[in-house]
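Subject: The structure I promised you

Hi,

Here is the structure we talked about, sequence included. Have a look at it first, then read on for what turned up.

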Amino acid sequence: MAVNQSPMYQKAEERYRSAASPAEKVAALEEMLRLVPKHKASEKLQAALKQKLKTAREEMQKGHAKHAGGGHHDPLQVPRQGAGQVVLLGEPNTGKSSILAALTSAKVEVADFPYSTHAAIPGMAHHEDVPIQLVDMPPLMVGHAQPGMIAPIRAADVILHVIDLSAIELIDQYERPLAWLREHNVKPVSRATLEFDEDESAALPKRLLVAANKLDTPSAADNLAGLQELCGTELRIVPISAKTGQGLPEMMAALFELLNVIRVYAKKPGKPVDRDAPFILPAEATVHDMAHLVHRELAEKLKSARIWGGTVHDGQQVHATHVLTDKNVVELHFP
Ligand SMILES: Nc1nc2c(ncn2[C@@H]2O[C@H](COP(=O)(O)OP(=O)(O)OP(=O)(O)O)[C@@H](O)[C@H]2O)c(=O)[nH]1
Ligand SMILES: [Mg+2]
């Protein structure tokens, strides 16, 4: 059990466990090796990581040989962008595409007949100034899916499980996708921090939020209460209406919370704060982690930093090991 690893390491491990391809495994393992503390106590872990890296590189080589020449494109896989990737999962007609249409500028097809979406369609939504990627997906049909659905679900940072509060089959619509996930060795949890089993064949813990959609329809509130009574509070449910917009800001805030990241702003010495594009880091990342994100080569030479906001005095000088909090402004001093 990897105890007390840094938040950056945990994030890399999460990417490794969720990897959809050997190339992603290689990238995550290289990052884990970079981040693992280099001392006696971690020698076993370092050796194990090197062995896994070797295997993943071999897998990657074989893959390249197989796909050589032919362009390989999977219509269900979307490269991750923004602070995290949220993949929508649900039965037909629950309103997945409507959620994308309400929150992003993606061109999705909304239809009053089921099975209207056939490929993964990404769009960028926001919680305040934090961009969060939403990915619309084809529906799950009564407990089974079109081939290739599980890989993008495993690779996602969060699953948004969309149900329709006006549906007669509400309880089944809630339970069937959860059963499908468990059948595919994915264990849904509504928690920001994940714990991985040492045994890599154990179920993959995956963050999941339930979006109970169509709150604007008659008796939706009663149906929601009934669902909560039957299903308990183990998984977090956010009531929304893609039609009226009710609950959507709360849903985005809940997704941000589940992603377990912070945003920090960079400031150059003598210059105003750059508020346009916050840097996104895992929760509890340090000044050094941020320096690495800003400038890979210079990070090790970081001299000092000043911080505004949060628990420090404005402009206080801090060490590279200082733990950042959401909305900190950071001025990095390189030689
Ligand atoms: N009243 C109401 N209708 C909604 C809401 N959200 C979606 N709808 C309607 O529900 C129907 C299905 O919406 P879609 O967004 O296409 O559903 P989907 O889950 O993407 O459907 P598939 O792609 O077939 O799986 C459409 O007629 C929408 O207008 C809502 O919040 N309230
Ligand atoms: Mg759709």
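For a chain of 335 residues, a compact globule would have a radius of gyration near 20 Å, and this chain has 22 Å, which agrees. Keep in mind while you read that this is a predicted model. Measured out along its principal axes, the C-alpha trace spans about 65 × 50 × 40 Å. The chain folds into 9 helices and 12 strands.

How much of the chain is tucked away? Of its 335 residues, 45% count as buried. The accessible surface comes to about 17100 Å², and 53% of that belongs to carbon and sulfur atoms. If you take the contacts with a separation of 6 or more, 63% of them are between residues 24 or more positions apart.

Now for the ligand, so zoom in there.

Which residues sit closest to ligand 1? They are Lys 96, Ser 98, Tyr 115, Thr 117 and Asp 216, out of 22 residues that surround it. Sorted by class, this shell has 7 nonpolar, 10 polar and 5 charged residues. Helix H4, which runs over residues 96–103, gives the most to the shell, with 3 residues.

A few atom pairs are worth pulling up on your screen. Two of them involve the protein backbone: a backbone N or O atom of Thr 94 lies 3.2 Å from an oxygen atom of ligand 1, and a backbone N or O atom of Ala 111 lies 3.1 Å from an oxygen atom of ligand 1. With Asp 216 the side chain takes part, and one of its N or O atoms is 2.7 Å from a nitrogen atom of ligand 1. As for how covered the ligand is, it has 660 Å² of accessible area on its own, and the protein covers 87% of that.

I also picked out three residues for you to click on.

Start with Arg 263, in strand S8 (residues 261–267). Is Arg 263 buried or exposed? Its relative accessibility is 2%, so Arg 263 counts as buried, the cut-off being under 20%. The side chain of Arg 263 makes a polar contact with the side chain of Glu 128, at 2.9 Å. Leaving out residues up to four places away in sequence, Arg 263 touches quite a list, including His 127, Asp 129, Phe 256, Pro 278, Thr 325 and Asn 328.

Next is Gln 46, which you will find in helix H3 (residues 43–67). Gln 46 has a relative accessible area of 12%, so it is buried too, by that cut-off of under 20%. Which residues does Gln 46 touch, not counting those up to four places away in sequence? They are Leu 33, Val 36, Pro 37, Lys 38 and His 39.

Last comes Leu 293, in helix H9 (residues 287–294). Leu 293 counts as partly exposed because its relative accessibility is 43%, in between the cut-offs of 20% and 50%. Apart from neighbours within four places in sequence, Leu 293 is in contact with Phe 279, Ile 280 and Leu 281. Try one distance yourself: the C-alpha atoms of Leu 293 and Leu 170 are separated by 44 Å, and the two residues are 123 residues apart along the chain.

Write back if anything is unclear.

Cheers

Definitions and conventions. Residues are numbered from 1 along each chain as its sequence is written. Chains are lettered from A and ligands numbered from 1 in the order in which they are written. This is a predicted model: local features need pLDDT of at least 70, side-chain atom pairs count only at pLDDT 80 or more; totals for chains, interfaces and linings use all residues. Side-chain values use heavy atoms; hydrogens and water are left out. Helices (H or I, at least four residues) and strands (E, at least two) are DSSP runs, numbered from the N terminus. Buried means under 20% relative accessible area, exposed over 50%, partly exposed in between (1.4 Å probe, protein chains only). Contact means heavy atoms within 4.5 Å. A residue is near a molecule or strand if one of its heavy atoms lies within 4 Å of it. A polar contact is a pair of N or O atoms within 3.5 Å; within protein, one must be able to donate a hydrogen and the other to accept it, and residues adjacent in sequence count only if both atoms are side-chain atoms. Accessible areas come from the Shrake-Rupley method with a 1.4 Å probe; for residues, only the protein chains shown count as cover. Ala, Val, Leu, Ile, Met, Phe, Trp, Tyr, Cys and Pro count as nonpolar, Asp, Glu, Lys and Arg as charged, and the others, Gly among them, as polar. The radius of gyration is taken over C-alpha atoms; the globule rule is 2.2 Å times the number of residues to the power 0.38.
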